[in-house]
Amino acid sequence: MPWPDRRFTDLFNIEHPIVLAPMAGSIDHELAAEVAEAGGLGSIPCAMLDLEQMHDQVGKYRVRTRRPLNLNFFCHTPPELNNAREAAWRERLAPYYRELGIDPAAPVPSSNRRPFDQAICDLLLELKPEAASFHFGLPEPALFERVKRAGILTLSSATTVAEARWLEARGVDAIIAQGNEAGGHRGIFLGEDIATQPGTFALVPQVVDAVKVPVIAAGAVTDARGIAAAFMLGAAAVQVGTAFLFCPESKISAPHRAALQSARDDGTALTNLMTGRPARGLMNRLMRELGPISEAPAFPLAAGAIAPLRVKAEAAGSGDFTPLWSGQAAALGVEMPARALMAKLAGEAQALLRGS
């Protein structure tokens, strides 16, 4: 059965309008290739990779499949160091350091979240993926134009209608309408007030009405019912993240996997503790005790001081200090290989859409 809206599938030359959400730190080329081989758009998150790692990931993907590939990048402004804020953050975490037997004064690793820049753009044009997606807006105009001129299709996330219009005016080929329910970092870039971000059900039809390019619904789309609903709202595709974290091909930690398996509808919150920027994840000890939104260094600096705690806790089987990224519908997730999940999502959604 053909999908009711083929603009996205035709544009990206894929069988099913399902985009693997590029979840940095949780997936790599393996899951991306499996989704692509099953007819979706595979995505490799690059924000936490250096240039050599990006090259390696794409090479490994191309060995596994020749199907279309999306590379994802962050477009945040690099933070300015604030010694007082950093010191206050270290002080807040000091009791946890002492509890886990870590020296509170020990140097912390740097936070590896690299924004799209000239060097990355050069490599992107060399690797020539079929698509490039961006989070937190778009690269600077000169770099974005280079990507467009190279014939690489572009996508970016919008959390409001205003952001969607802004993206369309600058020439993106498709817009990801990210609802409040979505797991991971908010793509918000025209403002900072996450309290006003609409949910997927409210956002998608309003974005569809506001722009002419294909709209991809994102945010708690975890089963076939969510996909069918997105199409009824006018979306031409969906972006699915949390559902794929249940797959054996995902690279999440054992505590993260265990937390997903016991997820509930009221078990997530938006937090800035893990990186300094609001992101939705399953509640853990740090979020409960400090409050999910608190004073933390600017993105991505907050992650540095958390890293030693995360390593020590995860070694003991605990997710107390792990970013347990998840959307609000994680309880609908099922454990199965990625190709099987793709077949299940596509088949059941198409059956729903044709009314059978």
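**Local packing and backbone geometry in the predicted model**

N13 is found in the loop between α1 (7-12) and β1. In this predicted model, N13 counts as exposed, with a relative accessibility of 62%. The backbone at N13 adopts a positive phi, near 55°, in a residue other than glycine. A further residue with such a backbone angle is K128, which has a positive phi of about 50° although it is not a glycine. K128 lies in the loop between α5 and β4 and counts as partly exposed, at 42% relative accessibility.

Both N13 and K128 recur in the surroundings of buried residues. N13 is one of the residues in contact with P68, once neighbours within four places in sequence are left aside. P68 occupies the loop between α3 and β3 and is buried, with a relative accessible area of 10%. The other contacts of P68 include F12, I14, A36, L41, G42, Y61 and E130. By contrast, the C-alpha atoms of P68 and V215, which are 147 residues apart along the chain, are separated by 18 Å.

K128, in turn, is touched by R62, as are R67, L69, P129 and E130, not counting residues up to four places away in sequence. R62 belongs to helix α3 (residues 51-64). Its relative accessible area is 15%, so R62 is classed as buried. Two polar interactions of the R62 side chain are noted here. The side chain of E130 makes a polar contact with that of R62 at 3.1 Å, and the backbone oxygen of R67 lies 3.3 Å from a polar atom of the R62 side chain. E130 is thus found among the contacts of R62 and also among those of P68.

Helix α3 is also part of the environment of helix α2. The buried residues of α2 pack against α3, β1 (18-20), β2 (42-45), α10 (242-245) and α14 (338-353). Helix α2 (residues 29-37) is mostly covered, seven of its nine residues being buried. The buried positions are H29, L31, A32, A33, E34, V35 and A36. At the N-terminal end of α2, D28 acts as a cap, with a side-chain oxygen 3.0 Å from the backbone nitrogen of E30. Following α2 comes G39, whose phi is positive, near 105°.

Packing between helices is further illustrated by α5 and α6. Two packed helices are described by the angle between their axes and the distance between the axes. The axes of helix α5 (residues 118-127) and α6 come within 10 Å and cross at roughly 0°. Helix α5 is therefore roughly parallel to α6. On the α5 side, Q118, C121, D122, L124 and L125 take part in this meeting, and on the α6 side L143, R146 and V147.

Aromatic side chains form a further element of the packing. The structure holds 11 aromatic pairs. One of them joins F74 and F136 in a tilted arrangement, with 4.9 Å centre to centre and 55° between the planes. This pair links distant parts of the chain: F74 lies in strand β3 (residues 69-74), whereas F136 lies in the loop between β4 (131-135) and α6 (141-149), 62 residues apart. Both partners are buried, F74 with a relative accessible area of 7% and F136 at 5% relative accessibility. Elsewhere, ring pairs link F73, F116, F134 and F144 into a cluster.

The ring of F136 also takes part in an interaction with a charged group. The charged end of R277 sits over this ring, 3.7 Å from its centre. The charged end of R277 likewise sits over the ring of F299, 6.0 Å from its centre. F299 precedes a cis peptide bond, which leads from F299 to P300 and has an omega near 0°. P300 is placed in the loop between α12 (285-290) and α13 (302-315).

A final site concerns T268, in strand β10 (residues 268-271). T268 counts as buried, at 13% relative accessibility. The side chains of T268 and R280 are joined by a polar contact of 3.1 Å. Apart from neighbours within four places in sequence, T268 is in contact with R280, G281, L282 and M283, and with S326, G327 and Q328.

How values were computed:
Residues numbered from 1 in each chain as written. Predicted model: local features only at pLDDT ≥ 70, side-chain atom pairs only at ≥ 80, totals over all residues. Heavy atoms only, no water. Phe/Tyr/Trp six-rings, centres within 6.5 Å; stacked < 30°, edge-to-face > 60°. Helix = DSSP H or I, 4+ residues; strand = E, 2+ residues; numbered from the N terminus. Buried < 20%, exposed > 50% of the residue type's maximum accessible area, 1.4 Å probe, protein only. Lys NZ or Arg CZ within 6 Å of the ring centre and 35° of its normal. Polar contact = N/O pair within 3.5 Å; in protein donor to acceptor, adjacent residues only side chain to side chain. Contact = heavy atoms within 4.5 Å. Axes fitted to C-alpha atoms, helices over the stretch in contact; angles between N-to-C directions. Parallel < 35°, antiparallel > 145°, perpendicular 65-115°, else oblique.
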